[in-house]
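Work through the exercises below with the model open, and try each task before reading its solution.

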Amino acid sequence: GYSSQLDEGILPEGLVNAFRTQGQYGYIYNPDLRNDSVKVNIKGSQWFLSGNGDEYIVDLNDGKLELYTATQVTIEANQFEMSLEHSFLEIKFIDLTYHQSWQYDVHINYTEQVSLGLKTVTTSSGDTKQIFNFTQSVRNMTVNVTKT
């Protein structure tokens, strides 16, 4: 499938052509992935495509590829908080803002609270070690759109 090519940093021609339709004067690509570069986010399951204008995240979910428009947001120091108390981790993003269009800005506040526990795993060499494992997660996100 496409995932092995994406893992090698190769944009499969079949994936590009899946978004091709016949227009009045030739082929139309929407989205146009031709000549995009591939960056592996998570080998075997998530990739980042860029280079032809818009940027995309490709996820492999239950054997199907899902394509999402990517949005990059710069997070300033005063817009991020993280605290750890015993086994409880809280992460906050405060008023992340991006311009949706010339008319609208999107403001996002996001909080995630995670309970951490230890999990014993076996390495490829047969050794065991303990890693932090998320045992419980609570998320809260508020999105506000303002007219510019």
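The exercises that follow treat salt bridges, a nonpolar core and a surface patch.

The model is predicted, so local features need pLDDT of at least 70 and side-chain atom pairs count only at pLDDT 80 or more, while totals for chains, interfaces and linings use all residues. Residues are numbered from 1 along each chain as its sequence is written, and side-chain values use heavy atoms, with hydrogens and water left out.

**Exercise 1.** Find how many salt bridges there are, and describe the burial of the partners in each.

Solution. Begin with the criterion, which asks for a side-chain nitrogen of Lys or Arg within 4 Å of a carboxyl oxygen of Asp or Glu; by this rule the count is three. For burial, use relative accessible area with a 1.4 Å probe and protein chains only: under 20% is buried, over 50% is exposed, and values in between are partly exposed.

Step 1: D32 pairs with R34, the closest N and O atoms lying 2.8 Å apart. D32 is partly exposed because its relative accessibility is 24%, and R34, at 37%, is likewise classed as partly exposed.

Step 2: E90 and K92 form a salt bridge with an N to O distance of 4.0 Å. Here E90 counts as buried because its relative accessibility is 17%, whereas K92 is partly exposed at 27%.

Step 3: R139 and E112 meet at 3.4 Å, N to O. This pair links distant parts of the chain, 27 residues apart, with R139 in strand β10 (residues 128-147) and E112 in strand β9 (residues 104-122); strands are DSSP runs of E, at least two residues long, helices are runs of H or I, at least four, and both are numbered from the N terminus. R139 is exposed at 57%, while E112 is buried at 15%.

**Exercise 2.** Which residues make up the largest nonpolar core, and which elements give two or more residues to this core?

Solution. Take buried Ala, Val, Leu, Ile, Met, Phe, Trp, Tyr and Cys residues, and join them through side-chain atoms within 4.5 Å. The largest such set has 11 residues: L6, L11, L15, V16, Y29, L33, V38, W47, L49, Y56 and V58. The elements giving two or more of them are α2 (13-17), β4 (46-52) and β5 (54-61).

**Exercise 3.** Identify the residues of the nonpolar surface patch that includes F80.

Solution. Keep residues with over 30% relative accessible area and no salt bridge, joining nonpolar side chains (Val, Leu, Ile, Met, Phe, Trp, Tyr) within 5 Å and like charges within 9 Å. The patch consists of V73, I75, F80 and M82, with about 340 Å² of accessible area together, by the Shrake-Rupley method with a 1.4 Å probe, where only the protein chains shown count as cover for residues. F80 belongs to strand β7 (residues 80-85) and is partly exposed at 35%.
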